[in-house]
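Biologist: I should like to learn how the features of a protein model are read. May we go through them one at a time?

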Amino acid sequence: MNVDRVIQVEGLTKAYGDLLAVDQISFAVQEGEIFGFLGPNGAGKTTTIRMLTGLSQPTAGTARVLGYEVRSEIVQAKKHLGVVPEQSNLYDELTAMGNLLFMGKLYGVPRVERKRRAEELLRMFRLEDRENSPFATLSRGMRRALTIAAALVHHPKLLFLDEPTVGLDVAAARSLRALVAGLRDQGVTVFLTTHYLEEADLLCDRIAILVSGKVVRTGTPTEFKGAAEEGSVIEVSFQQALPQARERLAEVLPGAEVVEINAAKLRILGGDPAEVYTAIFRLAQEKDVGIARLNTVQPSLEDAFIQITGLSPAVMAQEKGK
Amino acid sequence: MWRDDLRGIWAIVQKDMRTYYLKPPAVSWGIVFPITWILAFYLRSPRGFAELVPGLIAMTALFSTTAAEAVVINFELRLGSLERLLLAPIGVAAVFLGKVLGGALFGLLMTAAVALGSILSLGVSVNVGHLVLVLIPALLAFSSLGALLCVLVREVFEAQTLLNLPRFLMIFLSGVVYPVAAMPRALQVLARVLPLTYAVDGLRGAFWGPGAAAYVDALVLLGFALAFVVPGMRLLARRFE
């Protein structure tokens with residue numbers, strides 16, 4: 001195995017009866033990077049994590065984690081893995097400190113180091129004031145932070161983070177993202193699944209996009225945005241809400257992707273810019289509505305994602321519970 | 001590797017003791033229920049009560065261990081925290097054994113209290129060596145049975161309901177209150193495949209003699225424990241597939 005590759009996956013497949021949850025995916029994660037696994041719910045992100053952490057056996061293909069084969073050597077690999085599942089599942093009855101000490105014991109952290117490490121993590125995650133609070137009494141953001149802290153108690157080389165900021169308020173999510181970014185600086189490789197595109201853009205060094213169990217593209221966020229730049233991205237704001245505008249433009253611009261930002265604002269990805277501008281002006285004239293703003297914008301990762309997957313941000317937003 | 005497993009088992013047992021032993025389902029089915037039964041039998045017939053002590057100790061062992069299993073396994077299945085244990089660098093077998101031992105220890109505490117209370121209050125004599133010889137494998141067998149059944153369902157109430165089937169079947173067929181020898185032939189055969197029968201028989205030997213039966217009963221109970229543990233481990237592994 002290439003020593004720089006902490007995860008090496010070839011043709012990994014998971015089938016549940018006739019359903020292919022993960023379909024022959026291949027990718028590699030380099031040491032020290034934050035690797036984003038991006039896709040809507042049901043794309044196969046969690047199933048992939050479960051196979052890579054030994055909770056589920058692959059149906060076909062191979063996967064090596066930290067050099068260990070996941071089918072036969074996963075217990076050795078687990079000594080160096082931290083896993084943060086989507087649900088914060090520490091023990092309600094144990095205190096913040098009690099949970100960390102238990103995890104330390106479970107992972108074989110020596111007794112003398114256990115307490116010191118737990119205190120260090122509580123400080124790092126700004127939970128030192130809640131050291132003696134039962135897990136059940138912590139806020140959602142604190143519970144999430146403590147769940148991540150618990151996964152770090154044994155100094156893992158590789159951390160799996162499954163949707164770390166789902167359900168958190170903006171401030172808590174921002175704080176957690178800063179902590180995750182800090183982990184990379186400490187040399188921890190992070191495998192992050194998310195359907196928050198902006199989160200992936202902010203944190204990830206490289207991204208794989210997973211749709212319906214298949215990896216459709218892998219690259220850096222800059223590469224993704226660069227690819228999106230090859231087509232134009234035009235944003236238009238009308239002076240008032242314009243019902244059916246998205247459908248009308250999509251009808252006359254078959255080569256473009258029309259995305260509704262809000263009732264009065266649209267984003268048109270791809271297509272011939274001249275045709276796009278013409279279609280917008282025609283629509284405004286026809287509906288007798290003024291154009292408040294019309295400009296070409298820098299494509300975001302979301303634009304790239306839409307171009308690659310054909311999924312609308314509305315679908316992603318729904319999956320996020322918005 | 002086995003050192004990691006042993007450390008993991010002990011960590012799970014300690015955590016379960018601190019976390020779950022005072023949960024309402026463990027208290028109601030594992031403590032209140034056996035004590036209520038014992039009191040009911042005592043009030044019905046205080047004079048003949050001493051004869052029932054081995055059966056009631058065995059019943060306490062059965063109820064307390066299985067009630068504890070429903071809590072230590074199904075609470076964690078529901079909350080997803082059992083998965084956390086399976087992510088640790090220990091085998092599935094270690095996780096299952098940790099749960100079995102956690103339940104057995106809860107049962108030991110309960111059963112020791114009932115046995116000690118009975119011995120002191122009634123002034124009955126007991127061969128302590130034989131008592132321990134039978135009680136430990138009995139606790140392991142019942143705890144393994146509980147763990148095996150609890151892995152099949154998700155919720156604590158489902159587990160308690162499922163557990164009631166073998167629990168009540170055994171109370172009436174295993175000689176807790178009614179001697180197996182006095183039952184119809186077919187029921188006697190059925191009683192021979194129930195672990196509680198051997199626990200009651202062995203404990204009777206420890207209290208009233210002869211003691212030799214205790215060794216056979218202990219061996220049979222260990223066999224039951226093994227017979228429940230092996231499929232239980234497999235079911236737990238399969239549950240997360």
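Modeller: Let us begin with burial: a residue is buried if 20 or more other C-beta atoms lie within 10 Å of its own. The model before us is predicted. In helix α3 of chain A, the buried residues are A96(A), M97(A), G98(A), N99(A), L100(A), L101(A), F102(A), M103(A), G104(A), K105(A) and L106(A).

Biologist: How many residues of helix α3 (residues 96–106) of chain A are buried, and what follows from that?

Modeller: The count is 11 of the 11 residues, so this helix is largely enclosed by the rest of the structure.

Biologist: What covers the buried residues of α3(A)?

Modeller: The cover includes α4 (111–124) and α5 (140–151) of chain A, together with α1 of chain B. Just after α3(A), the backbone at G108(A) takes a positive phi of about 75°.

Biologist: Since chain B has now been mentioned, how is the contact between two chains described?

Modeller: In general, the size of an interface is often given as the accessible area lost when the parts come together. Here we may instead count residues: 19 residues of chain B are in contact with 20 residues of chain A. On the chain B side, α1 (2–20) and α4 (81–86) each supply at least two residues, and the largest share, six residues, comes from α1(B). By class, that side of chain B divides into eight nonpolar, five polar and six charged residues.

Biologist: How many helices and strands does chain B have?

Modeller: Chain B has 10 helices and zero strands. Its radius of gyration is 17 Å, close to the 18 Å that the globule rule gives for 241 residues, so chain B is as compact as a globular protein of that length. Its C-alpha atoms fill a box of roughly 55 × 35 × 30 Å along the principal axes. Of the 241 residues in chain B, 51% are buried.

Biologist: How much of the contact within chain B joins residues at least 24 apart?

Modeller: Among contacts between residues at least 6 apart in sequence, the share is 82%.

Biologist: How should one read the packing of two helices?

Modeller: One useful idea is that an α-helix has 3.6 residues a turn, so residues three or four places apart point the same way. In chain B, consider helix α3 (residues 49–79) and α9(B), which pack at an angle of about 135° with their axes 8 Å apart. That angle makes α3(B) oblique to α9(B). The crossing of the two helices is right-handed.

Biologist: Which residues of α3(B) and α9(B) meet?

Modeller: From α3(B), V53(B), P54(B), G55(B), I57(B), A58(B), A61(B) and L62(B) take part; they meet L196(B), A199(B), V200(B), L203(B), R204(B) and F207(B) in α9(B). By class, this contact has 11 nonpolar, one polar and one charged residues.

Biologist: Is V53(B) buried or exposed?

Modeller: V53(B) is buried, because 23 other C-beta atoms lie within 10 Å and the cut-off is 20 or more. Leaving aside neighbours within four places in sequence, V53(B) is in contact with S118(B), L122(B), V124(B) and F207(B).

Biologist: Why does P195(B) count as buried?

Modeller: P195(B) counts as buried because it has 27 C-beta neighbours inside 10 Å. This residue lies in helix α9 (residues 195–208) of chain B. Not counting residues up to four places away in sequence, P195(B) touches A141(B), F142(B), L145(B), L221(B) and F224(B). As for F142(B), it is 53 residues from P195(B) along the chain, yet their C-alpha atoms are separated by 7.7 Å.

Notes. Residues numbered from 1 in each chain as written. Chains lettered and ligands numbered in written order. Predicted model: local features only at pLDDT ≥ 70, side-chain atom pairs only at ≥ 80, totals over all residues. Contact = placed C-beta atoms within 7 Å. Helix = DSSP H or I, 4+ residues; strand = E, 2+ residues; numbered from the N terminus. Nonpolar A, V, L, I, M, F, W, Y, C, P; charged D, E, K, R; others polar. Buried ≥ 20, exposed ≤ 12 C-beta atoms within 10 Å, placed from the backbone. Rg over C-alpha atoms; globule rule 2.2 N^0.38 Å. Axes fitted to C-alpha atoms, helices over the stretch in contact; angles between N-to-C directions. Parallel < 35°, antiparallel > 145°, perpendicular 65-115°, else oblique. Left-handed = near helix turned anticlockwise from the far one by under 90°.
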